[in-house]
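Biologist: Please take me through this model. I want to hear the reason behind each label.

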Protein chains: 2
Amino acid sequence: MTITAFAQRLIDAIGADSVLTSADDIAPWLADWRGMYRGNAQAVVRPRSAEDVSKVLALCQQTATPVVPRGGNTGLCGGATPDGAAQNVVLSLDRMNAVRSLDTIANTMVAEAGCILQDLQRTASDVNRLFPLSLAAEGSCQLGGNLATNAGGVNVVRYGMTRELVLGIEAVLPNGEILHGLRTLRKDNTGYDLKQLLIGSEGTLGIITAAALRLFAPTPVRQVVIAAVTSPRQALELYELLFTECGSRMQAFEFFTGECVDLVMAHVPGVRAPFGERHPGYVLVELADTADEQALAALLERVIETAIERDLCADAVVSSTLGQVEEMWKLREEISEAQRADGPHLKHDVSLPIEAIPEFLTSAEARVRRVCPQVRPFIFGHFGDGNLHYNLSRPAGEAADFMAKHGEAITAEVLDEVARYGGSISAEHGIGQLKRDYFAKYKSPLELRLMREIKAVFDPAGIMNPGKLLKVQ
Amino acid sequence: MTITAFAQRLIDAIGADSVLTSADDIAPWLADWRGMYRGNAQAVVRPRSAEDVSKVLALCQQTATPVVPRGGNTGLCGGATPDGAAQNVVLSLDRMNAVRSLDTIANTMVAEAGCILQDLQRTASDVNRLFPLSLAAEGSCQLGGNLATNAGGVNVVRYGMTRELVLGIEAVLPNGEILHGLRTLRKDNTGYDLKQLLIGSEGTLGIITAAALRLFAPTPVRQVVIAAVTSPRQALELYELLFTECGSRMQAFEFFTGECVDLVMAHVPGVRAPFGERHPGYVLVELADTADEQALAALLERVIETAIERDLCADAVVSSTLGQVEEMWKLREEISEAQRADGPHLKHDVSLPIEAIPEFLTSAEARVRRVCPQVRPFIFGHFGDGNLHYNLSRPAGEAADFMAKHGEAITAEVLDEVARYGGSISAEHGIGQLKRDYFAKYKSPLELRLMREIKAVFDPAGIMNPGKLLKVQ
């Protein structure tokens with residue numbers, strides 16, 4: 001087996017057991033989990049410390065070697081998959097997975113980038129605290145990836161995006177310098193907020209190796225309701241009422257169409273329809289609180305009564321047991337699985353100014369149908385924070401590769417319509433490789449210029465995650 | 001009256017009624033409200049739009065004319081006061097004070113930088129929403145200043161700092177380009193977060209002319225309790241219990257020492273002592289909720305019972321009327337006034353890792369007493385977010401100018417001790433002119449370098465608020 005001279009320098013720097021060089025060893029690190037992207041690398045490094053990361057990056061910068069940071073490989077945009085260049089080095093954070101500190105007075109947890117999200121949730125819960133970041137990939141995604149992409153998930157309506165949960169970071173810059181910013185302070189007005197630049201930068205500025213995270217009070221008391229609505233407009237009016245009356249107790253407000261429920265019924269065994277009758281749309285709301293189940297149940301009952309009186313929903317069913325809560329969530333969570341079972345389709349992770357969602361849904365569907373009249377939309381998402389999973393399946397009777405052939409033209413229409421409403425072409429998944437051209441198209445020239453110049457400040461040699469997010473000119 | 005040729009160009013650009021040039025007209029804009037700083041300027045401009053701001057900045061950049069942005073002039077660090085250079089232009093945002101939009105479904109408010117904070121609170125409250133930023137200067141401070149300094153205040157423990165309340169900004173860069181970033185999206189993962197760079201940058205990168213702000217559910221139901229504690233350690237244990245049981249209902253957790261209460265009693269008429277007995281420390285907690293006064297009162301009663309059982313406080317008194325709530329807050333809020341009445345003193349707005357506060361208070365006092373054995377500490381602050389107002393008054397019997405003569409040596413000890421614990425030398429007031437040397441001393445060389453290089457990206461000519469925050473090398 002021959003290795004490159006550079007790989008040997010990596011081994012000399014951080015040890016042979018931290019550097020993979022054989023084609024077989026490297027192969028699993030070269031593709032994304034969906035198999036949409038595949039690239040090359042001369043080595044995979046698995047550092048055990050920020051100091052290891054520092055040594056690797058310094059060597060890479062000296063030799064203009066591209067570095068591709070890698071977390072749990074659960075991303076949807078190819079952000080952690082190398083491009084085709086043979087000299088790439090993939091840098092995995094998976095061995096940096098310690099929780100360095102945990103404090104239930106300050107309500108902070110300092111964790112390394114390789115920690116699995118679910119492990120962090122459990123660590124917090126073991127000391128009667130909540131780390132609220134929660135998303136479908138939580139069993140395998142890593143904190144570093146959550147930070148690099150500013151991950152969202154189901155609890156954003158209450159707790160915010162990942163960036164809102166971070167008090168400080170430790171990061172390594174491409175020249176090997178370590179930014180020691182693991183402050184656990186809630187208030188710190190001393191200069192520019194460098195951590196917020198690195199969070200969400202998709203590994204293009206440096207590598208976050210650890211973060212000081214905020215913890216919250218546990219919310220063991222939960223109530224879930226599914227309401228039937230006649231339209232997205234009615235769903236928003238219901239949202240307005242619930243927001244006013246329930247405040248921060250509301251930790252999820254999900255919307256999905258009748259078509260989504262039909263699809264789940266058709267493809268997923270063991271899921272029950274929420275109502276005898278089929279409705280045009282459904283809303284799932286979760287309230288949670290620190291204590292007093294009775295008070296929470298009474299509040300929800302009162303608000304749902306008001307909603308029905310004011311004609312803000314057609315019907316509603318409230319959970320009264322944990323089993324029912326889980327069953328309600330299953331209906332929402334199985335939409336993706338049902339759509340996968342139905343065959344290849346287009347996913348669009350977009351966000352809109354919330355009040356514009358109903359109008360957008362009408363105008364976007366009209367645009368899409370001009371390109372593909374028989375397309376089947378399956379719309380669902382986190383309505384409470386304006387985030388739509390605007391998914392489109394092929395017309396009935398078409399072959400499975402229909403979207404592979406015609407999808408790009410449809411996507412262009414959807415994203416252009418999102419931009420027309422001042423929405424975002426990537427609500428929570430990031431840009432990566434997948435949306436880089438759309439990003440360049442819809443971001444203003446001024447914003448693109450500032451981002452490129454900031455990139456040059458952090459990464460003058462341009463080694464960090466090339467081909468992702470920004471086109472460097 | 002002669003005016004400079006440059007002032008004439010400003011008049012030509014945005015109109016004579018938007019440019020002040022006579023010495024009398026300019027004079028009120030040259031000093032901070034406390035009279036600690038005074039500077040010079042050739043003109044004061046009062047633009048009516050982002051386009052006006054753009055014209056002014058472009059002219060200033062072309063001619064290397066320094067620009068000092070100015071809000072409500074309530075800052076404590078001299079950040080909005082020009083230095084001594086005769087060619088300065090003060091740019092006041094006071095005429096840009098429109099609320100451009102307000103939405104109770106999206107829960108957003110787009111407001112211009114010159115809006116008075118209290119007016120924004122009222123605008124939100126008029127539509128049954130809460131804009132939670134609240135601080136002593138709210139009757140005269142402006143949103144632009146709140147954004148430039150990332151203002152804090154009393155509700156940070158629940159709602160966060162100003163930066164956490166912002167969804168998007170409109171800003172003008174020194175070259176006159178307008179950054180149109182007034183997005184109202186809760187989720188938008190498209191590139192680096194430029195708005196968070198501008199927020200808290202103290203006018204050194206550009207001028208924020210408007211912001212899209214988050215609104216929250218109204219919390220008309222309030223309960224306040226004052227608890228007597230034997231030590232800061234006990235106060236933190238009480239905090240831990242309240243945080244666990246009350247969660248996000250807790251919107252203030254304030255601590256103050258027995259000495260602070262003594263001072264208020266001595267100097268402020270009409271304030272009553274909270275208990276018959278005098279205690280070493282006091283905690284004021286405010287809970288607030290959207291609805292159900294009875295449930296909130298029952299929760300507080302239960303938690304306070306637990307606290308007394310577990311010996312987490314010595315005594316407690318709960319408000320039962322709005323009048324009592326206000327009286328309790330008055331005790332806390334009059335500490336600054338009482339200290340002012342007592343005479344000139346040192347203020348230190350610092351933050352600490354919360355769990356380290358008790359140890360810090362002991363070790364900091366020991367350090368300070370080595371320099372000034374008879375100093376009188378009056379310690380209070382927002383314990384729940386680690387923010388201390390670590391204020392020190394002159395020894396009894398010393399002349400009023402004692403701190404003017406000896407204060408700097410004492411401040412150096414306090415801030416060095418803060419830094420030793422990983423705290424922040426400026427929790428919520430910013431750096432401005434006042435703390436620029438300490439900022440340069442305690443920030444790491446890497447962070448300082450990155451900030452200077454980012455400054456050069458936004459403001460290559462170095463015209464924005466020179467002499468504030470960063471020393472540009």
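What follows is a set of questions and answers on the contact between the chains, some salt bridges and two side chains.

Modeller: Ground rules come before the questions. This is a predicted model, where local features need pLDDT of at least 70, side-chain atom pairs count only at pLDDT 80 or more, and totals for chains, interfaces and linings use all residues. Residues are numbered from 1 along each chain as its sequence is written, chains are lettered from A and ligands numbered from 1 in the order in which they are written, and side-chain values use heavy atoms, with hydrogens and water left out.

Biologist: What makes the relation of chain B to chain A a two-fold axis?

Modeller: Two copies of a chain are related by a rotation about an axis and a shift along it. Here a turn of 180° and a shift of 0.0 Å along the axis lay chain B on chain A, with an RMSD of 0.0 Å. That is what a two-fold axis does. The superposition is by least squares on the C-alpha atoms of residues with pLDDT of at least 70 in both copies. Both copies also use the same surface, as 100% of the contact residues of chain B recur in chain A.

Biologist: How many residues does each chain bring to the contact?

Modeller: Chain A gives 95 residues and chain B gives 95 residues. Contact means heavy atoms within 4.5 Å. The two chains bury about 7,300 Å² between them, 55% of it on carbon and sulfur atoms. Buried area is the accessible area (1.4 Å probe) that two parts lose on being put together, summed over both. In chain B, the residues that lose the most area to chain A are B:Lys187, B:Asn189 and B:Tyr192, together 14% of what that side buries.

Biologist: What makes B:Glu428 and A:Lys187 a salt bridge?

Modeller: The rule asks for a side-chain nitrogen of Lys or Arg within 4 Å of a carboxyl oxygen of Asp or Glu. The closest N and O atoms of B:Glu428 and A:Lys187 are 2.8 Å apart. The pair passes, by that rule. Across this interface the rule finds 16 salt bridges, and over all chains the count comes to 70.

Biologist: How do you know that B:Glu164 and A:Arg186 join two chains?

Modeller: Their side chains meet in a salt bridge at 3.6 Å, N to O. B:Glu164 is in the loop between H6 and strand E7 (166-172) of chain B, and A:Arg186 is in the loop between strand E8 (178-181) and helix H7 (194-198) of chain A, so the pair joins two chains. Helices (H or I, at least four residues) and strands (E, at least two) are DSSP runs, numbered from the N terminus.

Biologist: Why is A:Arg186 called buried, but B:Glu164 partly exposed?

Modeller: Buried means under 20% relative accessible area, exposed over 50%, and partly exposed in between (1.4 Å probe, protein chains only). A:Arg186 has 16%, so it counts as buried. B:Glu164 has 21%, so it is partly exposed.

Biologist: What about B:Asp119 and B:Arg122: how far apart are the closest N and O atoms?

Modeller: They are 3.4 Å apart, and the pair forms a salt bridge. B:Asp119 and B:Arg122 are 3 residues apart in helix H4 (residues 117-126) of chain B, so about one helical turn separates them. B:Asp119 is partly exposed at 37%. B:Arg122 is partly exposed at 46%.

Biologist: Why is A:Asn465 called buried?

Modeller: Its relative accessible area is 2%, so A:Asn465 falls under the 20% limit. A:Asn465 lies in the segment after helix H16 (445-458) of chain A.

Biologist: What makes A:Asn465 and A:Lys468 a polar contact?

Modeller: A polar contact is a pair of N or O atoms within 3.5 Å; within protein, one must be able to donate a hydrogen and the other to accept it, and residues adjacent in sequence count only if both atoms are side-chain atoms. The side chains of A:Asn465 and A:Lys468 make such a contact at 2.7 Å. The backbone oxygen of A:Glu202 also lies 2.9 Å from a polar atom of the A:Asn465 side chain.

Biologist: Is A:Arg394 buried or exposed?

Modeller: Buried, because its relative accessible area is 15%. A:Arg394 sits in the loop between strand E17 (387-393) and helix H14 (402-420) of chain A. A polar atom of the A:Arg394 side chain lies 2.9 Å from the backbone oxygen of A:Asp342.
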